[in-house]
Amino acid sequence: MEEKENLIANNCNFQGIRPAMADLPYPPVQVRSRNQVYADLLSVDYCGSVSEMSAITQYINNENRLSCIKCPLAKTILGIAMAEMIHLQKLGELVVLLGGDISFVAKYRNGSNRMWTPGYLSIPGNARKMIIADIEAEKDAISQYKAHMQIIRDDCVNAVIARIIKDEEYHIMLLQALLKEV
């Protein structure tokens, strides 16, 4: 008789997970005119230290580490990551329409350019600290988006940013609910 191999498997099923987003439509992705200053501002939202790229990577890392031990929590985190991917895509389109490029280099107003790095991430060791770090990252993103909206004088661009903020606020609400469960 053959011995069966011992297998360790993740039994968390992610089929059917949808982006965790506010139930509101997005405005069209369009700009009034090309504007390199605006493109550079959005490059920071795209791939700076506080950015959609950082959010996606942090959420996916958290989801991977939680999926074997806290499946429901991991599913919510994955849904949030998926929404952040949509934000990244919309920001990328805006950057290109504004005349910029999406080379994963954030172009700061002080003239410095920095390529995205995983060094931007907060990787706490337990679920509670992960969620707290995620809430803080969402708050920082909202604050940065609002500051950029004050500089950007393009109603089309600001409409997309305002819609992204709605999702970020929804993420904070979801994360605060998760925090009560861990």
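I take helices and strands as DSSP runs, a helix having at least four residues and a strand at least two, numbered from the N terminus. The model I am looking at is predicted.

**Entry 1. Overall layout.**
I counted elements on that basis and got five helices and two strands. Reading along the sequence, I noted the pattern α-α-α-β-β-α-α. I then looked up the extent of the C-alpha trace, which spans about 70 × 30 × 30 Å along its principal axes. The protein has 182 residues, and 45% of them are buried. I also looked at how far contacts reach along the sequence. Taking contacts between residues at least 6 apart, I found that 80% join residues at least 24 apart.

**Entry 2. Helices H3 and H4.**
I looked up where these two helices run: H3 covers residues 71–97 and H4 covers residues 127–151. Their axes are 13 Å apart, and the packing angle is about 25 degrees. Angles under 35 degrees count as roughly parallel, so I entered H3 as roughly parallel to H4. The crossing of H3 past H4 is left-handed. For the contact itself, I listed Leu73, Ile77, Ile80, Glu84 and Leu91 on the H3 side. On the H4 side I listed Ala127, Ile131, Asp134, Glu138 and Tyr145.

**Entry 3. Glu52.**
I placed Glu52 in helix H2, which takes in residues 52–66. Which side chain of opposite charge is nearest to Glu52? I found Arg163, 10 Å away. Glu52 is buried and has no salt bridge; for a salt bridge, the nitrogen and the carboxyl oxygen must be within 4 Å. Next I looked up the contacts of Glu52, leaving aside neighbours within four places in sequence. They are Asp45, Tyr46, Glu84, His87, Leu88, Leu91, Tyr145, Ile164 and Glu168. Three of these names were already in my notes: Glu84 and Leu91 of H3 and Tyr145 of H4 take part in the contact between those helices.

**Entry 4. Ser122.**
I found Ser122 in the loop between strand S2 (113–115) and H4. Is Ser122 buried or partly exposed? Its relative accessibility is 33%, so I entered Ser122 as partly exposed. Not counting residues up to four places away in sequence, Ser122 touches Gln58 and Ala133. I also checked Ser122 against Asn62: the two are 60 residues apart in sequence, and their C-alpha atoms are 9.9 Å apart in space.

Terms used
Residues are numbered from 1 along each chain as its sequence is written. Side-chain values use heavy atoms; hydrogens and water are left out. Buried means under 20% relative accessible area, exposed over 50%, partly exposed in between (1.4 Å probe, protein chains only). Lys and Arg count as positive and Asp and Glu as negative; His and the chain ends are not counted. Contact means heavy atoms within 4.5 Å. Axes are lines fitted to C-alpha atoms, for helices over the stretch in contact, and angles run from 0 to 180 degrees between N-to-C directions. Angles under 35 degrees count as roughly parallel, over 145 as roughly antiparallel, 65 to 115 as roughly perpendicular and the rest as oblique. A crossing is left-handed if the near helix is turned anticlockwise from the far one by less than a right angle, and right-handed if clockwise.
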